[in-house]
Amino acid sequence: MTLPSRASEHPAERPATIYDVARRAGVSHQTVSRMLQGYEGIRPETRARVQTALDELEYRPNLAARSLATNSSRRIGALVYELLEVGPSKTIQGASDAARHAGYLLDIVTLDPRDDTAVDQALSVLRTQDLAGIVAFAPMDLLADRIQHAGFAVPVLMETDVDQSAAALHTSVSDSGMQQLVDHLVGLGHRDLYYLSGPLEWWASRNRVAAFEAALEKHGLTSAGTVEGNWSSASGYRAGTELPLDGGVTAVVAANDQMALGLLRALAERGVSVPADLSVTGFDDTPESAYYQPPLSTVRVDYERQGRRLMNRLLATISDGHAVDDEPVDAPLLVLRESTAPPRAT
């Protein structure tokens, strides 16, 4: 008689179940279920056998079945905007990783917060879904206000809530990163610093402007001027074509690396040498910034970890505090390259 092979325990045409895992490990399906639910009272040798079976059979939990059994959703809605920007995309990636690690799926709904119809449609989609919670990457005041008055029946956490609580403790990314940039430029001898901001309808942009001005104030300086961009290289280019070159400005701080890229192009076309005539810095340390001409001095931010921290806070609310609340966020790091130098002697 030919004995059935182990492969027959887990036919290729269907995913493994806890019964397949139990047979492979030589335990009851109740033991497998308890282990998957985090029960600690399982003998180490039994736990090891079950884990080996889980790995060998590539077991994946059936979230739909779990939702039915526990009468709770395993899906989280995410309202997002500007996925093409480096900071938001990395933040959302970190949030998605944290949700998946906790056994949740992240349903991403994109929208333009300046379009009332798009906002209404996005909020309507979320209201019709069976969600455990909602995370809103809503950097603009208008969208934040709409979400706050949407009346969702599940926990909602907004990215701006985390930013504001951090700023209240003087630990925000903008405060720390901008202080390092300004300290560096002032240390080189710069006294007239110009600022290229992001769109001021974004809370984060206004916070970054305030951080720039506060960092200057610590050195007894005031801003030489501010021009508003929209995070894009195109807006940085436009700002560079209009930047006053006869007012004594010796350095420009851009609120992100993409705008700094456009600024560098415009300055080159105007015959301005960076950093001999004018120093330029960015913010974010995008992968491309090391290859700008010249390579860009900037601030490195761990946006993925910020996203995980945001998601963990939402999960803590969903589970009444039983999830990990805050993952430590590394302080922003000043990255010095060739776009900054002492001002030209006059």
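**Notebook: helix ends and aromatic contacts**

I looked first at the end of helix 9, which is followed by Gly189 with a positive phi, near 115°; helices here are DSSP runs of H or I with at least four residues, strands are runs of E with at least two, and both are numbered from the N terminus. I note that this is a predicted model, in which local features need pLDDT of at least 70, side-chain atom pairs count only at pLDDT 80 or more, and totals for chains, interfaces and linings use all residues. Residues are numbered from 1 along each chain as its sequence is written, and side-chain values use heavy atoms, with hydrogens and water left out.

I then checked burial in helix 9, where the buried residues include Val173, Met178, Leu181 and His184 (buried means under 20% relative accessible area, exposed over 50%, partly exposed in between, with a 1.4 Å probe and protein chains only).

Next I looked up aromatic pairs (rings of Phe, Tyr and Trp, the last by its six-membered ring, with centres within 6.5 Å; planes under 30 degrees apart are stacked, over 60 edge-to-face, the rest tilted), and the count came to two. The rings of Tyr195 and Phe212 have centres 4.7 Å apart and planes at 20°, so I entered the pair as stacked. This pair joins strand 5 (residues 193–197), which holds Tyr195, to helix 10 (residues 203–217), which holds Phe212, across 17 residues. I found both Tyr195 and Phe212 buried. For Trp202 and Trp231 the centres are 5.5 Å apart and the planes at 65°, so I entered that pair as edge-to-face. Trp202 and Trp231 are also buried.
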